[in-house]
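Got your viewer open? Load the model and keep the selection box handy.

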Amino acid sequence: MSVEQVDWELQTPSFEDRQAREVYARFGLAVYCGQCVERQLGMILATMYGDFSAIVTRDDFDLAVEKEFGKTLGRMTRDLTRAVALPAAFEGRLRHAVRERNRLVHSYFYDRVVEFASADGREAMIVELQEAADFLRDFDDELQEIHQCWLDRFGISAERVREEVAKLKREAQKGS
């Protein structure tokens, strides 16, 4: 079906529809933040606790990271706790992040089917999802800080990382 074939409604969505869309948007944000945690953990494992001496070229780096990205979040967490003794508070936040991400991805809407049917329930879901997103974003920021401290030891500054990200964004925009 092409865009021209879509029967677009020009009516203002109802409160219920707007609220449902807000639930979906907050869910998407929370899951995105969970994926950021997952990817950051994979990069930490590939560089800080993997065989970093074997990473010589960009292809070596890509292979090391892809190996970690192929693991489940729970497996990466186990690998990290086996590689280094973590402070109890940090390990608690790590385990909470894994539970929160898994809950969102595997059962969130199934567990909230009754709540989703009412305005009060949807409002509670919006608050709950925002809290999940905030926690996961903050934990991802913490992981990024840890990883950046390690990168700094090898002369890879935060500015250099930002420049590479900007370069990747420009390349992606050219391709679209």
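Here is a short tour with a few selections to make.

A heads-up: this is a predicted model, where local features need pLDDT of at least 70, side-chain atom pairs count only at pLDDT 80 or more, and totals for chains, interfaces and linings use all residues. Residues are numbered from 1 along each chain as its sequence is written, and side-chain values use heavy atoms, with hydrogens and water left out.

**Stop one: the helix pair.** Select 15–47, helix H1, and 119–152, helix H6: their axes come within 8 Å and cross at roughly 20 degrees. That makes H1 roughly parallel to H6 (angles under 35 degrees count as such). Helices here are DSSP runs of H or I with at least four residues, and axes are lines fitted to C-alpha atoms over the stretch in contact, with angles from 0 to 180 degrees between N-to-C directions.

**Stop two: Thr47.** Still in H1, pick Thr47. Thr47 is buried at 3% relative accessible area (buried means under 20%, with a 1.4 Å probe and protein chains only). Now show His147: its side chain and that of Thr47 share a polar contact of 2.8 Å (N or O atoms within 3.5 Å, one able to donate a hydrogen and the other to accept it). Leaving out residues up to four places away in sequence, Thr47 also touches Phe52, Phe61 and Trp150, among others (heavy atoms within 4.5 Å).

**Stop three: Lys71.** Jump to the loop between H2 (58–69) and H3 (73–83) for Lys71. Buried or exposed, this Lys71? Lys71 is buried, at 16%. Add Asp79, whose side chain makes a 2.6 Å polar contact with that of Lys71.

Key: Helix = DSSP H or I, 4+ residues; strand = E, 2+ residues; numbered from the N terminus. Parallel < 35°, antiparallel > 145°, perpendicular 65-115°, else oblique. Buried < 20%, exposed > 50% of the residue type's maximum accessible area, 1.4 Å probe, protein only.
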